[in-house]
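Me: Could you walk me through this protein with a few questions and answers?

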Amino acid sequence: MYRPTLQMSVLCAALAAASAQAQSVRADAARVQAAHTRAEAHLRQFPGLSLHDNDHSYQVRDVVIDADGASHVRLDRTVGGLRVIGGDVIVQSDSFGTLRAVHHNLRWRINAAGKPAVNANRAALTVTRTLAGTLGKPTLVIYARDQAPALAWDVPVSGESVDGTPFEKHVIVDAATGRQLDAWDDIHTAAATGTGKTLYSGNVTLTTNTVSGGYE
């Protein structure tokens, strides 16, 4: 009579676990895709809730599915092919797919953008007057963060501050006036305190402080 060896039994168990995990991943991917599709359908079915229009399209940023099957889908918005800064929207649905809520920060409807009066080179020049660094390619966007939507240039700049801290900034320049509208850094540095577990001393407090060139 055939008797499986211990090694074979372990291998079979591992394969079974891997198969179950793969099926779980496929199931999760299917649920995420279904939640995404459902969220976009809700936006088109109820356009007034998100100030949606026919030339708006969406790219999924995050999908969270609760234990009870309810979903929370965060989408970035583009209008006429231009990314809308401040135009993201969160769509919440219950476990049956019924719309529960739509959240966004837009105060005005966004119409198709016209032609920029300020070109990319002028926008980049505006940035170099106040910030030294390596310029990336300016991208035409619609800026709608806490203001009426406006055509603008997103000018990426990377470099180091005087103290050696690296930065990767985005400077938003109004495409009509050349005025700077906003700026932020994709690299976040801050002091922090946490707890670490040691082998012999139990829990110890860990503190990081920003210093020139990194952390201590």
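Below is a short set of questions and replies about the fold, its cores and some charged pairs.

Me: What kind of model is this, and how are its residues numbered?
Reply: This is a predicted model, in which local features need pLDDT of at least 70, side-chain atom pairs count only at pLDDT 80 or more, and totals for chains, interfaces and linings use all residues. Side-chain values use heavy atoms, with hydrogens and water left out, and residues are numbered from 1 along each chain as its sequence is written.

Me: How many helices and strands are there in the protein?
Reply: Helices (H or I, at least four residues) and strands (E, at least two) are DSSP runs, numbered from the N terminus. By that rule, the protein has two helices and 14 strands.

Me: Which strand gives the most to the largest nonpolar core?
Reply: A nonpolar core is a set of buried Ala, Val, Leu, Ile, Met, Phe, Trp, Tyr and Cys residues joined through side-chain atoms within 4.5 Å; buried means under 20% relative accessible area, exposed over 50%, and partly exposed in between (1.4 Å probe, protein chains only). The largest core has 19 residues, and Ile110, Val127, Val155 and Val157 touch the most other members. Strand S3 (82-85), helix H2 (120-128), strand S8 (150-160) and strand S9 (166-174) each supply at least two residues. The top contributor, with four residues, is S8.

Me: Is Ser71 buried or exposed?
Reply: Ser71 is found in strand S2 (residues 71-79). Setting aside neighbours within four places in sequence, Ser71 is in contact (heavy atoms within 4.5 Å) with Ala35, Arg38, Val64, Ile65, Val91, Gln92 and Ser93. Its relative accessibility is 1%, so Ser71 counts as buried.

Me: Which residue forms a salt bridge with Arg44?
Reply: A salt bridge is a side-chain nitrogen of Lys or Arg within 4 Å of a carboxyl oxygen of Asp or Glu. For Arg44, the partner lies four residues away in helix H1, about one turn of the helix, and the closest N and O atoms are 2.9 Å apart. Arg44 is partly exposed at 41% relative accessibility, whereas the partner is buried at 16%. That partner is Glu40.

Me: Which strands hold Asp76 and Arg61?
Reply: The side chains of Asp76 and Arg61 meet in a salt bridge (2.4 Å, N to O). Asp76 is partly exposed at 26%, and Arg61 is partly exposed at 40%. The pair ties together parts 15 residues apart in sequence, because Asp76 lies in strand S2 and Arg61 in strand S1 (residues 56-65).
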